[in-house]
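User: I'd like a close look at a single part of this model, the spot you'd pick out first. After that, please walk me outward from there into how the surroundings are packed.

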Amino acid sequence: MLTEVPAGVVIVIALAVLVGSYVQAVVGLGVGLVTAPVVAVVEPSLMPTLPLLFGLLVSGLSLAGERRHVDWPAVGWTLPARLPGTIVGVGLVLVFTPSQLGVAVALVVLAAVLLSVWSIRLPVNRHTLLAAGFTSGVTGTATSIGGPPLALLFQHRRPSEVRATLAVFFFLGVVMSLTGFAVTGSIPRDSLVVAAVVSPLLLLGIWLGTRTRGRLPRDGFRVAVLVVCAASAVVLLVRSLE
């Protein structure tokens, strides 16, 4: 057999990937937010590497399609901050339990969403970009959920700019995270196999998302970003407290 992961588990993960890749194609993030809680429940041995692999595939494809909309100056500030965040994230995985990390990340994301709902708008400058990049590196590496810090910061930008800028950050950032796990020998072979097996559904989700996202108005886009972030935080909190 290619993998020891049960067929039923692979099917559940595949359905989560279909939904997550669709959401990411529309909003700019989502595959990690949807798949991480599912993988953590049905096959925790594949965390956080499997959702990171999905994120690598989706962000790479998204970047290829919308690279002309990338805010490169923003990437120039956030991406270097991801590196120290990645190092801290790898260290946290080795020190704290997944439940402890999950509770902390979920509370931070929920607090950020509440601040956004209350119309507290953070300026997009080098200080907030550095902070978002570092935080995303920590949470993305430790829990595979690194999108909310940047998504919340960019929520008022044009949808195409948000998707493209997040895509380039996620792609290069996930490469950093996976490199960190590769150096420590922490990438299970089953993660690679399952990622390859379910990749057709990932492609289907992206295809469906790119053909329906134009129907979402700009205000609706911002609401969708906040809903996805809040939902992921609630799911992560509930999972971590079990």
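Analyst: Let's start at proline 48, which sits in the loop between α2 (31–42) and α3. Helices here are DSSP runs of H or I with at least four residues, strands are runs of E with at least two, and both are numbered from the N terminus. The thing to look at is the peptide bond leading from methionine 47 into proline 48: it is cis, with omega near -10 degrees. For context, most peptide bonds are trans.

Some housekeeping before moving on. The model is predicted, so local features need pLDDT of at least 70 and side-chain atom pairs count only at pLDDT 80 or more, while totals for chains, interfaces and linings use all residues. Residues are numbered from 1 along each chain as its sequence is written, and side-chain values use heavy atoms, with hydrogens and water left out.

Past that loop comes helix α3 (residues 49–66), whose axis comes within 10 Å of that of helix α9 (residues 189–212), crossing at roughly 40 degrees. Axes are lines fitted to C-alpha atoms, for helices over the stretch in contact, with angles from 0 to 180 degrees between N-to-C directions. That angle is why α3 counts as oblique to α9; the bins are under 35 degrees for roughly parallel, over 145 for roughly antiparallel, 65 to 115 for roughly perpendicular, and oblique for the rest. The crossing is right-handed, meaning that the near helix is turned clockwise from the far one by less than a right angle (anticlockwise would be left-handed).

Who touches whom? On the α3 side you have Thr49, Leu50, Leu53, Phe54, Leu57, Val58 and Leu61, and they meet Ser191, Leu192, Val194, Ala195, Val198, Leu202, Leu203 and Ile206 of α9. Contact means heavy atoms within 4.5 Å. By class this makes 13 nonpolar, 2 polar and no charged residues, where Ala, Val, Leu, Ile, Met, Phe, Trp, Tyr, Cys and Pro are nonpolar, Asp, Glu, Lys and Arg are charged, and the others, Gly among them, are polar.

Valine 17, in helix α1, ties into this same neighbourhood. Setting aside neighbours within four places in sequence, valine 17 is in contact with Thr35, Phe54, Val198 and Leu202. Valine 17 counts as buried because its relative accessible area is 0% (buried is under 20%, exposed over 50%, partly exposed in between, with a 1.4 Å probe and protein chains only).

Helix α1 (residues 7–27) also packs against α8, at an angle of about 125 degrees with the axes 8 Å apart, so α1 is oblique to α8 as well. Gln24, Ala25, Val26 and Val27 of α1 meet Val162, Arg163 and Phe170 of α8. That contact divides into 5 nonpolar, 1 polar and 1 charged residue.

Serine 160 lies in helix α8 (residues 159–183). With 15% relative accessibility, serine 160 counts as buried. Its side chain makes a polar contact of 3.0 Å with the side chain of arginine 158; such a contact is a pair of N or O atoms within 3.5 Å, and within protein one must be able to donate a hydrogen and the other to accept it, with residues adjacent in sequence counting only if both atoms are side-chain atoms. Beyond its neighbours within four places in sequence, serine 160 is in contact with Glu66 and His69.

Next up is helix α4 (residues 72–95), which packs with helix α6 (residues 126–143) at about 35 degrees, axes 6 Å apart. This crossing is right-handed too, and its contact residues split into 13 nonpolar, 9 polar and 2 charged. Threonine 78 of α4 is buried, given its 2% relative accessibility. Not counting residues up to four places away in sequence, threonine 78 touches Leu129, Gly133, Leu150 and Phe169. Proline 73 is in α4 as well, but it is exposed at a relative accessible area of 59%.

One last stop: glutamate 242, in the segment after α10 (218–241), is exposed, with a relative accessible area of 72%. Its C-alpha lies 8.3 Å from that of serine 99, although the two are 143 residues apart in sequence.
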